[in-house]
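Student: I would like a close look at one part of this protein. Please take it slowly and build the picture step by step.

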Amino acid sequence: MKYELKGGEFPVVEVKLEAEETVKCQAGAMCWMTSNMEMKTSSGGLGKMFGKALTGESLFENNYTAKGGEGMIAFSSGVPGNILAVEIGPNKTIVAQKKAFLASAPTVNYETTFQKKLGAGFFGGEGFIMQKFTGEGIVFLEIDGSIVEYDLAAGESMILDTGALAAMDATVSMDIESVKGLGNKLIGGEGFFNTKVTGPGHIWLQTMPVSSLADAVRPYIPTGK
């Protein structure tokens with residue numbers, strides 16, 4: 001499987017497949033493809049359907065296979081931002097925000113995972129429910145806004161605005177930290193809590209969470225009278 005990212009702020013990923021090679025994606029992600037791509041829709045089983053319902057993903061996924069020769073298929077992001085490609089392997093498991101999954105090799109598994117710490121689930125911005133990716137192969141994730149990456153050493157922490165965490169290595173832990181000072185909480189504009197991530201591991205941050213994008217455009221949306 002080869003791929004190329006295109007499209008700037010409204011990205012697509014073009015995936016080139018060998019004959020009989022397959023790629024899977026969330027329902028509705030396909031943007032264009034060559035005429036020899038064959039689609040098959042599946043649920044992945046009742047357990048996976050329940051997990052997808054919790055994360056807000058479509059209950060079904062589409063598998064596209066190149067028939068009779070090489071094929072190409074493009075997947076587009078649902079919001080302005082970026083598409084992140086991560087190579088999953090025996091020593092590389094990642095956890096991402098819910099609804100991050102766009103497409104992947106069929107050998108990549110994704111499942112619903114729950115934050116172990118109540119505080120992180122209630123106030124961390126990412127919520128209790130996230131997506132965990134295991135197996136082997138490329139996975140494509142939707143990122144809101146631009147991507148900024150950091151490597152955290154063991155015990156090293158960063159404080160993030162809620163919603164800024166897009167994905168992280170499974171070795172990274174997540175918690176919440178209260179904003180200090182009552183005045184800062186009430187009028188500082190940052191809310192009462194921030195997200196705290198602690199290494200070791202790699203983190204991917206997003207500059208414009210879709211919730212922040214919605215808040216930014218809401219004042220310009222006419223209201224009915």
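Student: Which side chain meets Glu 14 in a salt bridge, and what is the N to O distance? Please start there and then work outwards.

Tutor: Keep in mind that this is a predicted model. The partner of Glu 14 is Lys 6, and the N to O distance is 3.0 Å. Now check how open each end is. Glu 14 has 11% relative accessibility, so it counts as buried, because buried means under 20%. Lys 6 has a relative accessible area of 35% and is partly exposed.

Next, the sheet around this pair. Four strands form an open sheet, in the order β1-β2-β7-β4. The pairing is antiparallel. Its edge strands are β1, residues 2-6, and β4, residues 30-33. Each of these edge strands pairs on one side only. Neighbouring strands of this sheet are turned by 20° against each other on average, direction ignored. Look inside the sheet at β2 and β7. Strand β7 covers residues 71-76, and six bridges join β2 to β7. These two strands run antiparallel. For one example, find Lys 16: its bridge partner in β7 is Met 72.

Move on to the loop between β2 (12-17) and β3 (22-26), where Glu 20 lies. Phi of Glu 20 is near 70°, a positive value in a residue other than glycine. Here is the background: most residues other than glycine have a negative phi, and most peptide bonds are trans. Glu 20 also takes part in a salt bridge, with the side chain of Lys 67, at 3.1 Å from N to O. Lys 67 lies in the loop between β6 (61-66) and β7, so the pair ties together parts that are 47 residues apart in sequence. Both ends are partly exposed: Glu 20 has a relative accessible area of 49%, and Lys 67 has 32%.

How many salt bridges does a search of the whole structure find? The count is three. One of them joins Asp 169 and Lys 92, with the closest N and O atoms 2.7 Å apart. Asp 169 lies in strand β16 and Lys 92 in the loop between β8 (81-88) and β9, so this pair ties together parts that are 77 residues apart in sequence. Asp 169 counts as buried, at 11% relative accessibility. Lys 92 is partly exposed, with a relative accessible area of 24%. As a rule, side chains of opposite charge can pair when their charged atoms come close.

Stay with Asp 169 for a moment. Leave out residues up to four places away in sequence, and Asp 169 touches Lys 92, Thr 93, Ile 94, Gly 201, His 202 and Trp 204.

Now widen the view to the sheet that holds β16. Six strands form an open sheet, in the order β11-β12-β9-β16-β19-β14, with antiparallel pairing. The edge strands are β11 (108-114) and β14 (147-152), and each pairs on one side only. The twist averages 20° from one strand to the next. Find β9 and β16 in that order. Strand β16 spans residues 165-169, and β9 pairs with β16 in the antiparallel sense over three bridges. Val 95 has Met 168 in β16 as its bridge partner.

Another strand of this sheet is β19. Leu 205 lies in β19. At 10% relative accessibility, Leu 205 counts as buried. Which residues does Leu 205 contact, leaving aside neighbours within four places in sequence? The list is Ser 146, Ile 147, Val 148, Tyr 150, Leu 160, Ala 164, Leu 165 and Ala 166. Take Ala 164 from that list. Leu 205 and Ala 164 are 41 residues apart in sequence, yet their C-alpha atoms are 5.5 Å apart in space.

Finish with two loops. Pro 200 sits in the loop between β18 (193-198) and β19 (201-206). The peptide bond from Gly 199 to Pro 200 is cis, with omega near 25°. Lys 99 is in the loop between β9 (94-97) and β10 (101-104). Lys 99 has a positive phi of about 70°, although it is not a glycine.

Definitions and conventions
Residues are numbered from 1 along each chain as its sequence is written. This is a predicted model: local features need pLDDT of at least 70, side-chain atom pairs count only at pLDDT 80 or more; totals for chains, interfaces and linings use all residues. Side-chain values use heavy atoms; hydrogens and water are left out. Buried means under 20% relative accessible area, exposed over 50%, partly exposed in between (1.4 Å probe, protein chains only). Contact means heavy atoms within 4.5 Å. Two strands pair if DSSP finds at least two bridges between them. Axes are lines fitted to C-alpha atoms, for helices over the stretch in contact, and angles run from 0 to 180 degrees between N-to-C directions. A salt bridge is a side-chain nitrogen of Lys or Arg within 4 Å of a carboxyl oxygen of Asp or Glu.
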